[in-house]
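Visitor: Good morning. I am new to this structure and would like to ask about it. May I see it?

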Amino acid sequence: MKSFNTITSTCVSMPAENVDTDQIIPARFLKATDREGFGDNLFRDWRFDAEGNPKPDFILNQTGVKGEVLIAGKNFGCGSSREHAAWALYDYGFRVVVSSFFADIFRNNALNNGLLPVQLPEDFIQDLFSALEQDPSLKATVDLTNQQFAILGSEKSSGFEINAHKKTCLLQGLDDIDYLINQRDQIIAYEQAGRKV
Amino acid sequence: MSAKTLFEKVWDKHVVSQIQDGPSVIYIDRHFIHEVTSPQAFEGLRSRGIGVFRPDQTIATADHNVPTIDQHLPIKDKLSRLQVQKLTNNCQEFGLELYGLGHQYQGIVHVIGPELGITRPGMTIVCGDSHTSTHGAFGAIAFGIGTSEVEQVLATQCVLQPKPLSMKIEVDGPLASGVLSKDIILYVASKISTSGATGHFIEYTGSTIRGLSMEARMTICNMSIEMGARGGMIAPDDTTFEYLKGRKFGPHGVAWDYYLKQWKELYTDPDATFDASYKFDAADIVPMITYGTNPGMGMKITGRIPSGPDNQKALEYMGLTAGEQLLGKQINHVFIGSCTNSRIEDLRLVASLVKGKQKSPHVHAMVIPGSKQVEQQAKQEGLDQILEAAGFQLRQPGCSACLGMNEDKIPPGEYCVSTSNRNFEGRQGPGARTILASPLTAAATALAGCISDVREII
């Protein structure tokens with residue numbers, strides 16, 4: 001996993017609420033056995049029609065809309081546990097997803113892939129949607145070390161929470177598997193203590 | 001000792017260590033894998049040069065991406081065939097038990113775990129599938145995980161998890177005729193919303209829940225995730241123990257007595273508290289259907305679609321309007337199956353309703369058994385003949401049109417009354433419009449050719 005520190009980027013605004021992982025990446029694109037290339041089908045059925053032509057109204061198809069920060073409506077990533085959703089967002093180029101809350105499994109999947117879920121207050125996000133509608137070229141700075149989200153050249157900023165362990169993992173590019181493998185002695189001790197069911 | 005919830009009793013027993021200001025290291029008793037969310041995890045093990053830490057605690061099956069006809073033939077779709085083959089290869093290479101296509105125990109992962117006695121009270125159970133919450137019906141902590149976490153479990157038999165908040169959902173009173181556990185959970189989801197239980201682990205209690213069979217309880221726990229919950233569980237009782245007795249891989253003899261004593265300790269202490277609580281009266285619950293694009297958008301079958309700005313996008317997709325009644329709406333597709341409703345009791349209910357009747361000519365009605373064992377049982381009981389005589393097609397086990405990964409898709413713009421768990425946009429195929437309901441409502445709809453209230457024909 002690549003390390004994450006600070007990102008400054010334009011934003012992509014997606015106010016829809018309850019965006020489920022079937023929208024992020026439909027099941028028919030889950031047949032691959034590696035982690036590559038899922039970005040091509042990110043938001044597939046919102047982004048393309050049945051013939052594969054881009055739908056002009058969809059935000060990612062609009063001229064000049066790009067960025068590493070996705071600002072999303074509440075309950076982003078609900079539904080299926082498919083980690084392909086996090087892979088698709090990352091592969092497309094997103095590094096941060098901002099929402100007023102995330103579905104639990106998606107949050108873990110994102111964190112395990114270097115995609116930072118930033119949870120901010122609902123009214124702050126509504127303000128962000130309005131500001132981005134006025135000026136789509138606004139840039140956000142996401143500073144993980146100081147746990148700060150800010151809009152460049154404005155007063156708009158907010159702190160965000162992340163657990164200390166996950167923060168360290170992201171800053172150093174470590175994953176949980178490395179951590180757990182180093183815990184194997186303790187895990188074996190747990191098994192030998194007869195607590196297994 | 002302080003009072004504990006059922007969840008806390010099981011959780012505390014499985015904490016290997018606690019990271020300061022971070023998640024817990026949780027030991028996993030049983031790990032289920034399938035073809036779709038596991039290949040990248042095995043690839044991860046290979047690139048680290050490590051094996052599976054506890055191969056006897058992982059069980060594999062092929063379910064998500066398999067055809068539901070002609071399973072004895074090679075899978076036609078190349079990518080699907082390769083993915084299922086990859087699972088076989090990975091299980092061989094890493095020494096894991098696989099109930100692959102054609103095996104007598106193959107089936108939907110959340111159907112086979114319980115029916116084989118692999119799922120037991122007090123366990124921690126994970127799978128790279130959000131409906132792993134199904135196993136909570138046995139008083140297990142069971143939850144869905146991502147592929148990185150699948151790799152964690154393969155490598156160490158543990159996952160890192162933050163401890164969730166607790167939620168109690170109590171349902172009391174007798175259920176009316178024609179009302180099933182699917183209606184209970186669709187009703188609860190309509191009250192709590194698709195995200196109302198996010199961050200929580202649910203315990204379902206109350207006399208209505210106690211009165212349900214194990215299979216009906218599984219339907220309830222299965223859909224915990226549809227309210228955003230990490231999982232849902234029900235304290236084991238005599239119904240649970242009766243179900244477990246004699247199961248293939250369950251404890252037998254002296255071991256049974258040993259475990260039974262432990263299982264009887266699995267309940268929430270009277271003084272234990274929950275972070276959130278809801279209480280519902282079964283008398284308020286009637287057959288339910290959904291009208292929107294998340295499972296929280298449900299209503300009474302006789303109801304009218306509520307209005308509101310939140311509904312607009314969903315209703316546009318569904319081709320429906322606020323104030324409209326769905327009762328009587330023509331339906332061309334009925335899907336009976338999925339990890340929510342594909343067990344033998346579901347098939348028996350459907351068969352009992354359609355026996356001696358005929359489906360409406362324009363309806364395409366599919367019945368997908370949850371496992372080879374369910375399929376066999378259905379045939380032994382003659383349910384296959386009843387279903388086929390009524391025009392319902394009994395196919396072979398798999399996830400099928402619940403998620404439309406295989407060829408069992410609903411055509412664009414068409415409505416499907418489905419016993420599955422999700423009515424998301426495109427879930428059953430691009431442009432497909434899903435209406436969630438119980439097996440009885442689905443069967444009644446297939447007979448009438450339009451959305452029907454089963455209470456009027458039983």
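Guide: A salt bridge here is a side-chain nitrogen of Lys or Arg within 4 Å of a carboxyl oxygen of Asp or Glu. Please note that the model is predicted.

Visitor: Which residue forms a salt bridge with Arg395(B)?

Guide: Asp408(B) does, and the closest N and O atoms of the two are 3.2 Å apart. Both residues lie in the loop between β17 and β18 of chain B, 13 residues apart.

Visitor: Are Arg395(B) and Asp408(B) buried or exposed?

Guide: Both Arg395(B) and Asp408(B) are buried.

Visitor: How many salt bridges does the structure hold over all chains?

Guide: There are 28 over all chains. One of them joins the side chains of Lys166(A) and Asp176(A), at 2.6 Å from N to O. Lys166(A) belongs to helix α6 of chain A, and Asp176(A) to helix α7.

Visitor: Why does Lys166(A) count as buried?

Guide: Lys166(A) has a relative accessible area of 7%, and buried means under 20%.

Visitor: On to the rings. How many aromatic pairs does a search of the whole structure find?

Guide: The search finds 21 over all chains. In one pair, the ring centres of Phe241(B) and Trp263(B) are 6.1 Å apart and the planes meet at 15°, so the pair is stacked. Phe241(B) lies in helix α9 and Trp263(B) in helix α10 of chain B, so the pair ties together parts 22 residues apart in sequence.

Visitor: Which residues form one aromatic cluster with Phe241(B) and Trp263(B)?

Guide: Trp256(B), Tyr258(B) and Tyr259(B) form the cluster with them.

Technical notes: Residues numbered from 1 in each chain as written. Chains lettered and ligands numbered in written order. Predicted model: local features only at pLDDT ≥ 70, side-chain atom pairs only at ≥ 80, totals over all residues. Heavy atoms only, no water. Phe/Tyr/Trp six-rings, centres within 6.5 Å; stacked < 30°, edge-to-face > 60°. Helix = DSSP H or I, 4+ residues; strand = E, 2+ residues; numbered from the N terminus. Buried < 20%, exposed > 50% of the residue type's maximum accessible area, 1.4 Å probe, protein only.
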